[in-house]
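Biologist: I would like a close look at a single part of this model, with its charged and nonpolar side chains taken in turn. Please set that part against the chain as a whole.

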Amino acid sequence: MSTITAVLAATPSPSPTSTVPDVDVTPGVAGFIAIALVAVVTILLVIDMTRRIRRTRYRSEIRERLEAEAGGDDGVATDEPERRAAEEGRADVGDDTERG
């Protein structure tokens with residue numbers, strides 16, 4: 001066991017030497033600006049997509065209510081989107097917390 005310990009102790013560990021300067025490897029200010037721009041554009045696209053999806057859902061709900069009222073249900077169909085959504089397993093219809 002002492003022979004293995006002596007061999008391991010005698011073997012020098014290589015010291016890290018850098019042949020490429022750090023300035024050539026880092027993205028610098030241009031890379032930071034590019035990534036920041038991509039992040040801002042992504043956030044704006046997500047916000048726009050959320051608004052469009054929400055607007056489409058609200059228009060669909062209003063259209064269904066207007067069709068139900070035109071059909072002569074006299075306000076009975078106000079629960080219709082929630083009932084249909086419950087049958088389909090959706091929980092997002094009828095949730096008024098996001099409106100405002």
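Modeller: What follows is a walk along helix H3, after a few words on the chain that carries it.

The model is a predicted one, and the mean pLDDT of the chain is 77, with 60% of its residues at 70 or more. Its secondary structure consists of four helices and zero strands, so that, read from the N terminus, the order of elements is α-α-α-α. Confidence is unevenly spread over these elements, since H3 has the highest mean pLDDT among them, at 95, whereas helix H4, which covers residues 80-88, has the lowest, at 62. Of the 100 residues in the chain, 9% count as buried, and of the roughly 8600 Å² that the chain exposes, carbon and sulfur atoms supply 63%.

Helix H3 itself spans residues 28-70, and a nonpolar group is a convenient place to begin. Val40, Ile43, Leu44 and Ile47 form a nonpolar patch on the surface, and together they offer about 360 Å² of accessible area. Leu44, one member of this patch, lies in helix H3, and Leu44 counts as exposed because its relative accessible area is 54%, which is over the 50% cut-off.

Turning to charge, side chains of opposite charge can pair when their charged atoms come close. The count of salt bridges in the model comes to two. In one of them the side chains of Asp48 and Arg52 meet, with a distance of 2.9 Å from N to O; the two residues are four apart in helix H3, and therefore about one helical turn separates them. Asp48 is partly exposed, because its relative accessibility of 32% falls between the limits of 20% and 50%.

The other pairing joins Glu61 to Arg57, whose closest N and O atoms are 3.9 Å apart, a value to be read against the 4 Å limit that defines a salt bridge. Here again the partners, Glu61 and Arg57, stand four residues apart in helix H3, so about one helical turn lies between them. As for their surroundings, both Glu61 and Arg57 are buried.

There is also a positive patch on the surface, formed by Arg51, Arg55, Arg59 and Arg63. Arg63 has its place in helix H3, and with a relative accessibility of 49% Arg63 counts as partly exposed, because exposed would require over 50%.

Taken together, the helix with the highest mean pLDDT in the chain holds the pair Asp48 and Arg52 and the pair Glu61 and Arg57, as well as Leu44 of the nonpolar patch and Arg63 of the positive one.

Methods:
Residues numbered from 1 in each chain as written. Predicted model: local features only at pLDDT ≥ 70, side-chain atom pairs only at ≥ 80, totals over all residues. Heavy atoms only, no water. Patch = residues over 30% accessible without salt bridge, like charges linked within 9 Å, V, L, I, M, F, W, Y side chains within 5 Å. Areas by Shrake-Rupley, 256 points an atom, 1.4 Å probe, with all protein chains shown as cover. Lys, Arg positive; Asp, Glu negative; His and termini not counted. Charge placed at Lys NZ, Arg CZ, Asp CG, Glu CD. Buried < 20%, exposed > 50% of the residue type's maximum accessible area, 1.4 Å probe, protein only. pLDDT = per-residue confidence, 0-100.
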